[in-house]
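Have a look at the sequence and the 3D structure below. Some of the words used for such structures need unpacking, and that is what we will do here.

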Amino acid sequence: MATVEQYTDPYIAVYRRVPPVGDGVCTVCHTGPGTGYSICHSCSVTTRQVTYPVRHVLPISLYEVPDQYWNVLRYYKDSDRSEVRSQLGTVLAATIARFTAKHWSCIVGMIGSEPTLVTTVPSTGRRIGEHPLAHAVRRSQLLRPLFFDTLAKGPGTIGHLHAADDGFVALHPLTGHRVLLIEDTFTSGARAQSAASALRIAGASAVGIVTAGRVINPSWNPNCTLVWEYARAEPFTFDVCCMCA
Amino acid sequence: MSSLASEQAAVLALTTVSPREWYRTAAVIYEAGSALELLSGESRLLAQAHKDYARELVQRVGSDDLAEAQDLIDRVSAQGITLYTVIDEGYPSNLHLIYNRPPFIWVRGELRSEDFRAIAVVGTREASEEGRQRATRLARGLAEANVTVLSGLAKGIDTAAHTAALAVDGGRTVAVVGNGILVPIYPKENRALAERIQEQGAIVSQFWPDSPPRQMNFPMRNVVMSGMGMGTVVIEASATSGAKMQARLALDHGKRLFLLDSLVTSQEWARRYAEKPGVSVVRSLDDVLDVLVKLAAPPEQLTLRL
């Protein structure tokens, strides 16, 4: 039997540990804020651009461009070769499946109670058929029964450092639902915060975000340098996350 | 000049001027999808870090660089050697699974799409008789199971692995070397072996064609060998060997690492590595093949370990 462990254990040396919130760690996304701030610049911008921002995001791993995890997150969906999409897509699917199963109670804590629905941030560009991220999430035994593909591109514009309530739209009423929103990469938070806000506008009572990766530019500011030093020095393990560390 | 050739020349020109590691240049070119578009200032790059680096690279390309690159390609191709750049269809898919893929490889012989199912068999140059026998049995079994055997064309374990794969009817083996593709085969004793490898597989080099086998080339060569396989098996190797380095690189790539049981018993470094997640201690060929099957055809539903 092939298990998520068999597809993620070889990647243990690739994932980068996410620091818990504390001095010099952004309370939203866990990268480094400017000196004297508790929220990084991009989160401070994107959380103010939507009506219902998420105040705490749960990244599975940090990464920089171009490292091995970046390669996974970039090419599991955009490689022109099916065998590459298959190999990397399996790594991503297994990473999400293993992390969410192991840290379900952390996710419950973040959302406030058990999620009743799991969905993914859709593509902002053109993409035909099921999004590879939605497919990756549905490969998890735990998430599959809760998965519901409801978000679509909305009339509004989303870009780097530009979130919008109407960038995405939920196609179904979500009244009373508590939603676990899954993203592959979190850069400025524009996409994830827009998606989260769209879910709330459709009636969801709470939204929590898990992102497979949070990108970091280690030379961006002194706190990013320190966060990345931590991420590289502390061995990654699926046993702890940045919520329960 | 054909449009394919000029794309290839552009890849080489951008590599020539690279101020940082070549893999960064490869990553930028691959993400852009076209080296010529990069040079003309059009770009489909997403990552800001790549946009910045692409600008720096393009500024460094001089007026003669493209023509010189094309001359090099023509000179090397005339010898029956094929160039695959990171944006070419013939570039091995396995290298797209690693972040530090080379911008180009030169190939004597032929790479095939089925070489996706490949395993690197590595170990010391100073191999024991037992070590050579183990390498022989494993490589033969892999080749019989239609798995391409990758190795480094060195003395000892490498020679045993290539030789055993060649002895199998239809067996394929690929040598990834630490020198330029035009440089005479090193070591000399393996020149006849190299001839056979390029008939039944390929010799691959990621270096400038006239580059001698420098010490600094070998770690980079190991990146490509790890990258071209689904995993690496270490047969016999001391803590200071290149094979141990490839073991570490395999883990950095998220590739499968297999350590022979006998290696783990005899080497302290291998004992430590065996404790790491994702490392398999191997007693038989089936231990490797079982993992390969699951890797080559991942299931739709991923279950958790009970």
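What follows is a set of questions and answers about the terms and how they apply here.

This is a predicted model, in which local features need pLDDT of at least 70, side-chain atom pairs count only at pLDDT 80 or more, and totals for chains, interfaces and linings use all residues. Residues are numbered from 1 along each chain as its sequence is written, chains are lettered from A and ligands numbered from 1 in the order in which they are written, and side-chain values use heavy atoms, with hydrogens and water left out.

Q: Why is the meeting of Arg74(A) and Glu31(B) called a salt bridge?
A: A salt bridge needs a side-chain nitrogen of Lys or Arg within 4 Å of a carboxyl oxygen of Asp or Glu. Arg74(A) and Glu31(B) meet at 2.7 Å, N to O, so the pair fits the definition. In general, side chains of opposite charge can pair when their charged atoms come close.

Q: How many salt bridges are counted between chain B and chain A?
A: The count is one. Over all chains, the structure holds 22.

Q: What makes the salt bridge of Asp9(A) and Arg98(A) a link between distant parts of the chain?
A: The two side chains meet at 2.8 Å, N to O. Asp9(A) is in the loop between helix H1 (4–8) and helix H2 (41–46) of chain A, while Arg98(A) is in helix H4 (residues 82–102), 89 residues apart. Helices here are DSSP runs (H or I, at least four residues), as are strands (E, at least two), numbered from the N terminus.

Q: How do you know which residues are in contact where H3(A) meets H4(A)?
A: Contact means heavy atoms within 4.5 Å. By that rule, Tyr69(A), Val72(A) and Tyr76(A) are among the residues of H3(A) that meet residues of H4(A), including Leu88(A) and Leu92(A). By class, this contact has nine nonpolar, three polar and two charged residues. Here Ala, Val, Leu, Ile, Met, Phe, Trp, Tyr, Cys and Pro count as nonpolar, Asp, Glu, Lys and Arg as charged, and the others, Gly among them, as polar.

Q: What is the angle between H6(B) and H7(B), and what is it taken from?
A: Helix H6 (residues 129–144) and helix H7 (residues 157–167) of chain B pack at about 35°, with their axes 8 Å apart. The axes are lines fitted to C-alpha atoms, for helices over the stretch in contact, and angles run from 0 to 180 degrees between N-to-C directions. On the same scale, H3(A) and H4(A) pack at about 115°, their axes 8 Å apart.

Q: What does "buried" refer to for chain B and chain A, and how many residues touch?
A: Buried area is the accessible area (1.4 Å probe) that two parts lose on being put together, summed over both. For chain B and chain A this comes to about 3600 Å², 54% of it on carbon and sulfur atoms. Leu97(B), Leu302(B) and Thr303(B) supply 19% of the area that chain B buries against chain A, more than any other three residues. The contact takes 40 residues from chain B and 41 residues from chain A.

Q: Where are the cis peptide bonds of Pro66(A) and Pro187(B) found?
A: The bond from Val65(A) to Pro66(A) is cis, with omega near -5°, and Pro66(A) is in the loop between strand E1 (57–63) and helix H3 (68–78) of chain A. Tyr186(B) and Pro187(B) are also joined by a cis bond, with omega about -5°; Pro187(B) lies in the loop between strand E5 (173–176) and helix H8 (191–200) of chain B.
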